[in-house]
Amino acid sequence: MARVLVLGAGLTGGACAALLRGAVRGRVAVWDKARGAGGRMSTSRSERDAACSADLGAQYISPRAGRGSFFDELLSHGILKPLTAPIEGMVEKEDSCNYMAPQGISSVVKYYLKQSGADVFYEYHVTHISLRDGKWEVSRKTGPPELFDVVILTIPVPQILQLQVINERQKQQLEATSYSSRYALGLFYEAGVCIDVPWAAKYITDNPCIRFISIDNKKRNIESPEIGPSVVVHTTVTFGSEHLDSDPAEVQQLILSHLESIMPSLPKPASVKCQKWRYSQVTADGRHFPDKHTWWVPIALSCETSLQPKPLEQDLLFRRPGFAHGLPALGIFCLAIPCCKMQHNQEADAGVRSPGALGGTMGTF
């Protein structure tokens, strides 16, 4: 029986694992170096009260046409709900509908991982992948290496390059990829604290540090006297790049000082979390496709693996016949990661919005 490894427990990894269920004659495993699921769809919780949470990554989802079935499933299970809270500065398109996740944006990823039935392991930090006797040997920081018939990489491109698993031509293609960076701050409050503003989230256009502020529980329509509120702050890309390797404590204090100038009456939080997103958004790929706004990277590794960019079709996966190493009835799977939709708009200072594997975009991030 075949063994398939999906590396990365973000949205792409979770959705991929779910699509593989029933198609693979064997077991699917999902590994991630983080302590939990989500990737850039991360939800953090207060150290004092787990019920108090905040989305530090993607803030909401804006679907694109042709992906209705995915969203219908998530809506029917209550994973997503229409975003109805007021967001100042958000550009509303005609006949568009944005969605938020009441239980936190990471609940979307957790839903797919649960549906997949895969064996999910966290704090599995992969350091090397190599061919050994017709299989992929995957090594990690702790524990013995393991063998897999197929490895599907859903991690950021620089992390793929660090694994040194692709050939020189593929390496040159991927090295042309660049990312923007930013910081996110999560402020957690005790129950009973009131944050009195007329909006649930707001885009900031006149501050060199802060681009977006969200009263996160209000954005998700969770306002209860038993649960403390939470605030999320996203910095500008320029600020993120300038302070990418600065001391996190200093960066946190700098963001808080800017936040105080914008919201001087904001109460002091019970706890704060500073999150650095080194790989926030793809800003350049160096290649040209018929649709110049989108590029997709197939990243399945098999004994006959190749790297050929293809546009996303009806599925997240592409099938190529002829693979005889463990998945004879399936063919080679190539996962198409929606790395970046280069769409200019008024919402993100970098001019891009991070896309979702569901064929949508994640607001502000």
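Contact between two residues is taken to mean heavy atoms within 4.5 Å. In this predicted model, Val197 is in contact, by that criterion, with Ile215, Lys218 and Met263, when residues up to four places away in sequence are not counted. Val197 itself belongs to the loop between β14 and β15. With a relative accessible area of 16%, Val197 is buried. Its partner Ile215 is 18 residues away in sequence, and the C-alpha atoms of Val197 and Ile215 are 8.8 Å apart in space.

The strands β14 and β15 that flank this loop are both part of an open sheet of 6 strands, arranged in the order β7-β15-β16-β17-β14-β18 with mixed pairing. The edges of this sheet are formed by β7 (87-88) and β18 (271-284), each of which pairs on one side only. Helix α8, comprising residues 248-262, packs on the sheet and touches β14, β16 (210-215), β17 and β18. The direction of α8 makes about 70° with that of β14. Within the sheet, 5 bridges connect β14 (residues 178-188) to β17 (residues 230-235), and the two strands pair in the antiparallel sense. One position in this pairing is Gly186, whose bridge partner in β17 is Val232.

A further open sheet consists of 3 strands in the order β10-β11-β12, with antiparallel pairing. Its edge strands, β10 (126-132) and β12 (146-148), each pair on one side only. On average, neighbouring strands of this sheet are turned by 30° against each other, direction ignored. Strand β10 is joined by 6 bridges to the antiparallel strand β11, residues 135-140. Ser130 stands opposite Glu137 of β11. Glu137 also takes part in a salt bridge with Arg132, in which the side chains meet at 2.6 Å, N to O. The two partners differ in accessibility: Glu137 is buried, with a relative accessible area of 15%, whereas Arg132 is partly exposed at 45% relative accessibility.

In total, the structure holds 13 salt bridges. In one of them, the side chains of Glu190 and Arg48 meet at 2.9 Å, N to O. Glu190 lies in the loop between β14 and β15 (201-203) and Arg48 in the loop between β3 (43-45) and β4 (53-55), so this pair ties together parts that are 142 residues apart in sequence. Glu190 counts as partly exposed, at 39% relative accessibility, while Arg48 counts as exposed, at 59%. Another salt bridge joins the side chains of Asp55 and Lys219 at 3.2 Å, N to O. This pair links distant parts of the chain, with Asp55 in strand β4 and Lys219 in helix α6 (residues 216-219), 164 residues apart. Both Asp55 and Lys219 are buried. They also belong to a network of salt bridges that links Asp55, Asp216, Lys219 and Arg220.

Aromatic side chains provide further links, with a count of 8 aromatic pairs. The rings of Trp31 and Phe148 have their centres 5.5 Å apart and their planes at 85°, so this pair is edge-to-face. The pair links distant parts of the chain, as Trp31 is in strand β2 (residues 26-32) and Phe148 in strand β12, 117 residues apart. Trp31 is buried at 1% relative accessibility, and Phe148 is buried with a relative accessible area of 1%. Tyr179 and Tyr279 form another edge-to-face pair, with 5.2 Å centre to centre and 65° between the planes. Tyr179 lies in strand β14 and Tyr279 in strand β18, so the pair ties together parts that are 100 residues apart in sequence. Tyr179 counts as buried, at 17% relative accessibility.

Ring pairs also link Trp31, Phe121, Tyr124 and Phe148 into a cluster. Arg140 lies over the face of Trp31, at 5.5 Å from the ring centre. The charged end of Arg140 also sits over the ring of Tyr124, 3.7 Å from its centre.

Helix α3 (residues 106-116) has 8 of its 11 residues buried, so this helix is largely enclosed by the rest of the structure. Among the buried residues of α3 are Val108, Val109, Tyr111, Tyr112 and Leu113. Just after α3, Gly117 adopts a positive phi of about 70°.

Key
Residues are numbered from 1 along each chain as its sequence is written. This is a predicted model: local features need pLDDT of at least 70, side-chain atom pairs count only at pLDDT 80 or more; totals for chains, interfaces and linings use all residues. Side-chain values use heavy atoms; hydrogens and water are left out. Two strands pair if DSSP finds at least two bridges between them. Helices (H or I, at least four residues) and strands (E, at least two) are DSSP runs, numbered from the N terminus. Axes are lines fitted to C-alpha atoms, for helices over the stretch in contact, and angles run from 0 to 180 degrees between N-to-C directions. A salt bridge is a side-chain nitrogen of Lys or Arg within 4 Å of a carboxyl oxygen of Asp or Glu. Buried means under 20% relative accessible area, exposed over 50%, partly exposed in between (1.4 Å probe, protein chains only). Rings of Phe, Tyr and Trp (its six-membered ring) pair if their centres lie within 6.5 Å; planes under 30 degrees apart count as stacked, over 60 as edge-to-face and the rest as tilted. A charge sits over a ring if NZ of Lys or CZ of Arg is within 6 Å of the ring centre and within 35 degrees of the ring normal.
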